[in-house]
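I am opening these notes to keep a record of what I looked up, entry by entry. The charged pairs come before the helix packing, and the loops come last.

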Amino acid sequence: MNTPTFGKPSIEQPTLADWLAQEPFTLTMSSGFFSFYAHCGMLCALHEHQLSPAKITGSSAGALVGSCLASGRPATEIRDLLLSITPDSCWDPGWGPGLLKGELFKSMLRDFTAIEEFEECSIPVHLSAYHARSRTTRVLSTGNLAEAVHASCAVPLLMQPARIANQLYWDGGIGDRHGLAATQPGERIFYHHIASRSPWRLPSSHALKVPARHNLQALVIRGLPRSSPRNMSRGPLALTMAREATLRALDTPVGDGVFDRQA
């Protein structure tokens, strides 16, 4: 005879929002060219759920958005900054191994964050950059914040390399697209992965795959409009779509560690 099941409490799987609220977590954001709009949309959704990381790591676009959040700026103000940027905001061409010098970019970041050094951040932040001489990823977490963000965002050909302590650095996504170099095995991580359509990587590239790690919950949002220096008009839509997709993911029960969503 079957044992009656009525009266037994049902065990519900926690949602992603529940999982993030249970314990402190690290927020990691990948590189992805002009994907800072998507990262910001994700941050806006976290903000609406009153979820804030205890640590931030990232590469390139993830470093830009992560540094703004680490400075103490709320997601809504980061959104307003990104939506106000035009191609002219950082247009400072100059002679060198890259179209833009990056000085306007650093000035804009300093004005917005009102911070000079990493040590002034309200949330610890660790940024990946590619060390030109050794051809390895270096994690930057001390010293001048704007210079480190410049280093992590210095896309070859578009922006000249950053010079820190007489060393040259390029875009952090070259060697650490995931932005996970500053994390430890087993660290509790919420990872925002930009689904890339890059022509520079093979479809089988490890950099394009979502990492599988213990204690890591990953969010992948596919089908977002792609922005570029020549077409920034798609940015606001990408931000809105990423926010909405993240809100849906936050209300979804935790499963295999990957929340793969169509925008």
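**Entry: charged pairs**

I looked up Arg73 and found it partly exposed at 27% relative accessibility, where partly exposed covers the range between buried, under 20% relative accessible area, and exposed, over 50%, with a 1.4 Å probe and protein chains only. Before going further I noted that this is a predicted model, in which local features need pLDDT of at least 70 and side-chain atom pairs count only at pLDDT 80 or more, while totals for chains, interfaces and linings use all residues. Residues are numbered from 1 along each chain as its sequence is written, and side-chain values use heavy atoms, with hydrogens and water left out.

Arg73 is held in a salt bridge with Glu77, the closest N and O atoms being 2.6 Å apart; I take a salt bridge to be a side-chain nitrogen of Lys or Arg within 4 Å of a carboxyl oxygen of Asp or Glu. Glu77 is also partly exposed, with a relative accessible area of 31%. As background, side chains of opposite charge can pair when their charged atoms come close.

I then went through two further pairs. Arg79 bridges to Asp80 with 3.2 Å between the closest N and O atoms; Arg79 is partly exposed at 28% relative accessibility, and Asp80 is partly exposed at 43%. For Glu116 and Arg110 the closest N and O atoms of the salt bridge are 3.9 Å apart, with Glu116 partly exposed at 38% and Arg110 partly exposed at 25%. The count by this rule comes to 7 salt bridges, and I did not write up every one of them.

**Entry: helix H3**

How many residues of H3 are buried? I found 10 of its 10 residues buried, so I wrote the helix down as mostly covered. Among the buried residues are Gly62, Val65, Gly66, Cys68 and Ala70. The helix names follow DSSP runs numbered from the N terminus, with H or I runs of at least four residues taken as helices and E runs of at least two as strands. Just after H3, I noted that Gly72 takes a positive phi of about 105°.

**Entry: what packs on H3**

I looked first at H6 (residues 145–153), whose axis comes within 8 Å of the axis of H3 (residues 61–70) and crosses it at roughly 155°. The axes are lines fitted to C-alpha atoms over the stretch in contact, and the angles run from 0 to 180 degrees between N-to-C directions. That makes H3 roughly antiparallel to H6, a label kept for angles over 145 degrees. On the H3 side, Ala61, Ala63, Leu64 and Ser67 meet Leu145, Val149, Ser152 and Cys153 of H6, contact meaning heavy atoms within 4.5 Å. By class, I count 6 nonpolar, 2 polar and no charged residues in the contact of H3 with H6.

I then turned to H2 (residues 36–48), which packs with H3 at an angle of about 40°, the axes being 8 Å apart. That makes H2 oblique to H3, the label for angles that fall outside under 35 (roughly parallel), over 145 (roughly antiparallel) and 65 to 115 degrees (roughly perpendicular). Phe36, His39, Cys40 and Leu43 of H2 meet Ala61, Gly62, Leu64, Val65 and Leu69 of H3. The residues of this contact of H2 with H3 divide into 7 nonpolar, 2 polar and no charged. I noted that Ala61 and Leu64 of H3 are listed in the contact with H6 and also in the contact with H2.

**Entry: loops**

Is Ala165 buried or exposed? Ala165 is exposed, with a relative accessible area of 72%, and sits in the loop between strand S7 (162–164) and strand S8 (167–170). Its phi is near 50°, a positive value in a residue other than glycine. Asn166 lies in the loop between S7 and S8 as well, has a positive phi near 65°, and is exposed at 60% relative accessibility.

I closed with Arg188, in the loop between S8 and strand S9 (189–194), which counts as buried at 9% relative accessibility. Leaving aside neighbours within four places in sequence, Arg188 is in contact with residues including Trp19, Glu23, Phe25 and Asn215. The C-alpha atoms of Arg188 and Arg213, 25 residues apart along the chain, are separated by 9.7 Å.

Methods
Nonpolar A, V, L, I, M, F, W, Y, C, P; charged D, E, K, R; others polar.
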